[in-house]
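Trainee: Could you take me through a close look at one part of this protein, the annotated binding-site residues and what lies around them? I am new to this, so please go step by step.

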Number of protein chains: 2
Amino acid sequence: MSEFDLIRRHLTGLGAGRDDVLLDVGDDCAVLHVPAGRELAVGIDTLVAGVHFLPDCDPAALGWKALAVNLSDLAAVGAEPAWATLAITLPDADEAWLAAFARGFGELAAAEDVRLVGGDVTRGPLTVTVQAHGLVPSEHMLRRSGARPSDLICVSGAIGDAGLALKHLLAGEPVDDYLRRRLERPTPRVALGEVLRDLATSAIDLSDGLLADLGHVLAASGCAARVELERLPLADQVAAAVAEHGDWSLPLSSGDDYELCFTLPRTAAGQLPVLAAAAGCPLTTIGEIEAGSGLRCVRADGSVWTGPDQGYDHFS
Amino acid sequence: MSEFDLIRRHLTGLGAGRDDVLLDVGDDCAVLHVPAGRELAVGIDTLVAGVHFLPDCDPAALGWKALAVNLSDLAAVGAEPAWATLAITLPDADEAWLAAFARGFGELAAAEDVRLVGGDVTRGPLTVTVQAHGLVPSEHMLRRSGARPSDLICVSGAIGDAGLALKHLLAGEPVDDYLRRRLERPTPRVALGEVLRDLATSAIDLSDGLLADLGHVLAASGCAARVELERLPLADQVAAAVAEHGDWSLPLSSGDDYELCFTLPRTAAGQLPVLAAAAGCPLTTIGEIEAGSGLRCVRADGSVWTGPDQGYDHFS
């Protein structure tokens with residue numbers, strides 16, 4: 001099975017049919033139509049075996065996740081997903097592996113109306129790079145830089161699930177289905193990004209942990225934040241893990257949540273239930289933007305929690 | 001030096017300044033403006049250490065080449081380069097290496113008016129994935145599928161140089177400056193792609209060797225071809241290597257030429273010198289498209305040469 005055959009068999013026709021693809025997988029380039037009044041949003045992410053995923057992980061789950069983390073970046077700027085490209089490096093031409101990977105990737109691509117328009121398959125250590133392309137109405141994109149003092153800080157879904165699942169996996173402990181799914185098949189909050197476009201003052205997706213990612217928003221916006229720990233949206237398992245040692249690092253600093261963290265003007269607080277319904281996920285207010293700099297995590301009794309670390313950094 | 005610092009220090013602001021970049025490196029996504037009347041061309045390519053380049057190669061040359069091979073794909077559809085994203089996996093945070101890589105990448109990016117709009121730096125085995133974005137006037141893109149019987153087959157520049165340089169390198173033999181530059185710093189034929197838009201019936205860039213790549217054009221166009229070996233444009237060193245053993249595989253089947261191979265209606269033959277002047281590179285007619293299927297390489301005496309292989313394939 002040659003490189004060309006592998007691409008043709010598994011990566012051609014993957015995802016949704018779209019009438020804005022003028023040249024598809026198989027030519028030198030894809031050629032794509034961006035409609036008037038829309039800007040192109042582009043994000044790229046690499047997953048490396050042994051760093052971002054366990055080398056023996058389910059390839060279908062990996063295919064899903066490789067696309068999901070990129071759609072999550074699109075959601076953070078309020079873009080609607082449209083097209084993706086995939087560069088995959090494999091130690092050998094394992095067709096069953098690639099077929100399963102393509103199945104997982106294709107499932108999410110079909111669900112989110114994304115077309116795979118380009119693929120490169122090479123021999124080498126297992127790594128997966130996906131680039132996702134989305135469309136966002138001109139002048140309506142979400143940014144990291146718009147948070148202002150008194151804005152509410154909100155997050156979607158629940159945080160810390162993927163971190164707890166990974167902790168169990170690495171310890172060789174059983175992982176329940178909910179946590180495993182949250183680690184392996186995260187749901188990019190695409191619909192939420194779209195409904196936040198004209199309301200949120202800033203947004204970011206949570207890939208490196210709440211503290212690190214909210215820190216990027218504060219740096220870009222020139223603000224401080226106060227996060228109220230007891231308001232963090234936690235699944236029972238995560239809440240129990242936090243309670244066991246009084247250690248909040250799991251929801252604050254473990255990565256791979258792929259929830260959105262965004263800021264809302266206080267006057268828009270009443271719209272949260274409507275936004276949650278439109279986005280199809282819970283939304284929780286966890287704190288407030290303040291003037292100054294820095295990020296304080298406070299307990300219900302007002303005491304400040306000083307965590308052990310600041311999120312996942314590949315080279316620290 | 002953290003991942004964020006590495007990205008900020010070396011990958012921010014790389015390449016040309018462009019007024020069509022609405023969000024740059026550093027946000028979740030880049031946001032880019034595609035003007036009316038233009039389509040978006042997208043190509044992606046991965047280079048893996050030990051497969052596509054020697055692990056101890058000059059990082060500045062690698063930076064140049066990683067972008068060049070992608071701009072070559074854009075040239076093949078007639079697109080003008082605009083933006084690029086870069087996903088780089090490094091065994092460790094070697095700042096000097098990354099700085100040199102960025103310098104080589106940035107040199108070509110500045111020369112071709114390309115802006116680096118997104119970067120992901122991760123820890124892992126050395127691989128480099130670049131995605132290049134270009135713009136092509138609607139309805140004027142070049143394709144692989146338009147070649148017709150009696151069309152002339154043409155190539156730019158010279159072929160086999162990179163293959164010969166690599167052969168010398170792998171044998172531990174000296175490599176002259178011309179050949180080394182052709183291997184390490186290929187010139188993407190961007191200007192040629194643009195002038196071919198309304199003339200060529202098909203085009204492809206030569207990355208896997210003339211026989212393999214012209215084969216893709218024939219398959220997509222449903223035609224056959226006759227290539228006249230003595231007309232192939234060869235540097236003296238390559239011509240000497242061919243003459244030594246009477247083996248044409250070097251110019252026919254070694255990869256990494258990054259020249260364009262295109263087909264022209266016979267009536268446009270007289271325009272080749274004008275096109276060559278506009279594109280700034282030699283253009284040579286090497287054969288003719290015929291009805292049927294298959295690809296014949298004929299010597300000046302009319303005898304057919306049957307080569308030992310069919311181009312570079314990562315998994316064969």
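Mentor: Let's start with Asp256(A) and its company. Leaving out residues up to four places away in sequence, Asp256(A) touches Lys65(A), Ala162(A), Arg182(A), Leu183(A), Leu206(A) and Ser207(A). Keep in mind as you look that this is a predicted model. One of those neighbours deserves a second glance: the side chains of Asp256(A) and Lys65(A) are joined by a polar contact of 2.7 Å. Along the chain, you will find Asp256(A) in the loop between helix H9 (249–253) and strand S10 (260–264) of chain A. Is Asp256(A) buried or exposed? Its relative accessibility is 18%, and buried means under 20%, so Asp256(A) counts as buried.

Why did I pick this residue? UniProt, in an unreviewed entry, lists Asp256(A) under "binding site" together with His52(A) and Tyr312(A). Let's compare it with His52(A), which also sits in a loop, this one between strand S3 (38–48) and helix H2 (59–76) of chain A. The relative accessibility of His52(A) is 22%, so His52(A) counts as partly exposed. The two labels differ, but notice how they come about: 20% is the boundary for buried, with Asp256(A) at 18% and His52(A) at 22%.

The UniProt entry, again unreviewed, also lists Asp28(A) and Asp73(A) for "binding site". They are spread over 46 residues of sequence and also spread in space, up to 26.2 Å between C-alpha atoms. Take Asp28(A) first. Its place is the loop between strand S1 (21–23) and strand S2 (30–32) of chain A, and it is buried, with a relative accessible area of 10%. Now look at which chain its neighbours belong to. Setting aside those within four places in sequence, Asp28(A) is in contact with Gly43(B), Asp73(B), Ala76(B), Arg144(B), Ala203(B), Ile204(B) and Asp205(B).

Asp73(A), by contrast, is found in helix H2 of chain A. With a relative accessible area of 7%, Asp73(A) is buried. Its contacts, again without residues up to four places away, include Asp45(A) and Asp205(A) from chain A, and Asp28(B) and Cys29(B) from chain B. Put the two lists side by side: Asp28(A) touches Asp73(B), and Asp73(A) touches Asp28(B).

That pairing leads us to how the two chains are arranged. Chain B can be laid on chain A by a turn of 180° and a shift of 0.0 Å along the axis, with an RMSD of 0.0 Å. The two copies are thus related as by a two-fold rotation axis. The same surface serves both copies, with 100% of the contact residues of chain B recurring in chain A.

Let's step into chain B and look at Arg189(B). This residue is found in the loop between helix H5 (177–184) and helix H6 (190–196) of chain B. Arg189(B) has 12% relative accessibility, so it counts as buried. What does its side chain meet through a polar contact? The partner is the side chain of Glu259(B), at 2.7 Å. Beyond four places in sequence, the contacts of Arg189(B) include Glu259(B), Tyr258(B), Leu260(B), Arg182(B) and Cys281(B).

A cysteine in that list invites another question: how many disulfides does a search of the whole structure find? It finds zero over all chains. In chain A, the cysteine sulfur nearest to that of Cys281(A) belongs to Cys154(A) and is 11 Å away. Cys281(A) is buried, with a relative accessible area of 6%. In chain B, Cys261(B) is in no disulfide either, and the nearest cysteine sulfur, that of Cys154(B), is 8.0 Å away. Cys261(B) counts as buried, at 2% relative accessibility.

Finally, turn to the aromatic rings. The whole structure holds four aromatic pairs over all chains. Trp97(B) and Phe101(B) form a stacked one, 5.5 Å centre to centre with 15° between the planes. The two residues are four apart in helix H3 (residues 95–111) of chain B, so about one helical turn separates them. Both Trp97(B) and Phe101(B) are buried. In chain A, ring pairs link Trp97(A), Phe101(A) and Phe105(A) into a cluster.

Notes
Residues numbered from 1 in each chain as written. Chains lettered and ligands numbered in written order. Predicted model: local features only at pLDDT ≥ 70, side-chain atom pairs only at ≥ 80, totals over all residues. Heavy atoms only, no water. UniProt positions renumbered as here; feature names shortened; annotations may be inferred. Buried < 20%, exposed > 50% of the residue type's maximum accessible area, 1.4 Å probe, protein only. Contact = heavy atoms within 4.5 Å. Polar contact = N/O pair within 3.5 Å; in protein donor to acceptor, adjacent residues only side chain to side chain. Disulfide = S-S within 2.5 Å. Phe/Tyr/Trp six-rings, centres within 6.5 Å; stacked < 30°, edge-to-face > 60°. Least-squares fit on C-alpha atoms with pLDDT ≥ 70 in both.
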